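Q: I'm new to this structure and would love a close look at a single part of it. Could you pick one strand and walk me through its surroundings?

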Amino acid sequence: MSTTAVDTGDAASVHRGAPAGEPLLDARDVIAGYIPGVDILNGCNLVVHPGELVGIIGPNGAGKSTLLKALFGLVTIRSGTVTLQGENITHQRADALVRRGVGFVPQTNNVFPSLSIEENLQMGLFQAPKKFDERFAFIVDLFPTLGERRKQRAGSLSGGERQMVAMARALMMEPSVLLLDEPSAGLSPVRQDETFIRTRKINKAGVSIVIVEQNARRALQICDRAYVLDQGRNAYSGPGRELMHDPKVIELYLGTLATDVEEAHRPPAQ
Ligand SMILES: Nc1ncnc2c1ncn2[C@@H]1O[C@H](COP(=O)(O)OP(=O)(O)OP(=O)(O)O)[C@@H](O)[C@H]1O
């Protein structure tokens with residue numbers, strides 16, 4: 001059990017547990033913020049290798065969502081670089097990033113409520129409409145319910161179903177990496193679990209994922225690796241299940257919940 005406290009600038013420790021080889025997405029020393037003169041990210045690092053499901057957790061206000069938005073061109077990066085498959089994408093706009101294979105699912109307002117499920121998915125593919133049938137078939141294979149209910153208005157769906165439509169819409173452009181901003185926010189525990197299972201399913205279908213989550217213990221259960229952010233900096237990183245059991249991380253970010261999970265998963269006494 002040896003997750004690594006990081007902030008040394010040493011790439012090996014910052015990305016502990018990351019597989020070797022060319023990263024898919026690589027953010028280095030990112031400094032970014034909303035208001036001139038106020039930095040929210042103070043030198044963040046993040047690496048995603050092909051096929052990985054990577055989590056970003058940390059306390060409220062740590063900058064988790066800001067990091068995700070910076071990766072998607074929604075927050076100005078003042079210093080540092082982001083590369084996708086070795087190409088510099090640091091200052092690219094969101095629409096260009098979508099064409100290059102980056103998908104983003106915002107936390108809120110992520111469906112068009114007056115449009116049907118099918119129309120929402122068409123909106124996700126407005127940059128390549130000819131591919132609709134092929135991509136729709138992929139989506140329905142992953143989430144059959146979206147095919148069965150394709151004519152239903154998105155506004156009439158539950159929160160969890162809307163989240164599924166939002167993920168599906170981002171998948172229409174066949175992204176190589178999908179950025180999910182707190183997909184479980186505002187959902188009941190059962191719907192949250194469904195969202196995490198769905199996330200894993202998308203990842204198993206071959207899409208690399210970066211997921212920002214407040215529900216840290218659930219996120220750590222499904223992630224290959226995770227980064228703990230604190231005050232806009234990397235605090236710890238490591239394999240999800242190791243972080244979940246790391247006393248430092250438990251004390252700082254998970255409270256007693258991590259031991260509760262262990263209890264819940266212990267087989268009943270014979
Ligand atoms: N649009 C914005 N304009 C100015 N400041 C912002 C904006 N969005 C976020 N911030 C500030 O950036 C800081 C980090 O916010 P961010 O949402 O990235 O944190 P977080 O780690 O995702 O937290 P939470 O888990 O509470 O969502 C906070 O101090 C927040 O007030």
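**A close look at strand S9**

A: Happily! This is a predicted model, and a good place to start is strand S9, where both faces are covered: Ser208, Val210 and Val212 are buried on one side, and Ile209 and Ile211 are buried on the other. Put as a count, five of the five residues in S9 (residues 208–212) are buried.

Now for the neighbouring strands. S8 (residues 177–181) runs parallel to S9 and is joined to it by five bridges; in this pairing, Val177 stands opposite Ser208. Strand S4 (residues 53–57) also runs parallel to S9, with four bridges between them, and here Ile56 has Val212 as its bridge partner.

How does the chain get from S8 to S9? Helix H8 (residues 189–204) belongs to this step: S8, H8 and S9 form a right-handed β-α-β unit.

It also helps to see the wider setting. The largest nonpolar core has 72 residues, and Leu178, Leu179, Ala226 and Val228 are the ones that touch the most other members. Helix H7 (residues 159–171) gives this core its largest share, seven residues. Looking past its close sequence neighbours, Val228 is in contact with several residues, including Ile57, Gly58, Leu243 and Tyr253.

Gly58 brings us to the ligand, since it appears again in the shell there. Among the other residues around the ligand are Asn60, Lys64, Ser65, Thr66 and Gln214. Sorted by class, that shell has seven polar, four nonpolar and one charged residues.

Notes. Residues numbered from 1 in each chain as written. Predicted model: local features only at pLDDT ≥ 70, side-chain atom pairs only at ≥ 80, totals over all residues. Core = buried A, V, L, I, M, F, W, Y, C linked by C-beta atoms within 7 Å. Buried ≥ 20, exposed ≤ 12 C-beta atoms within 10 Å, placed from the backbone. Helix = DSSP H or I, 4+ residues; strand = E, 2+ residues; numbered from the N terminus. Contact = placed C-beta atoms within 7 Å. Near = placed C-beta within 6 Å. Nonpolar A, V, L, I, M, F, W, Y, C, P; charged D, E, K, R; others polar. Pairing = 2+ DSSP bridges. Right-handed = clockwise from strand over helix to strand, strands pointing away. Lists of a residue's contacts leave out its neighbours within four places in sequence.
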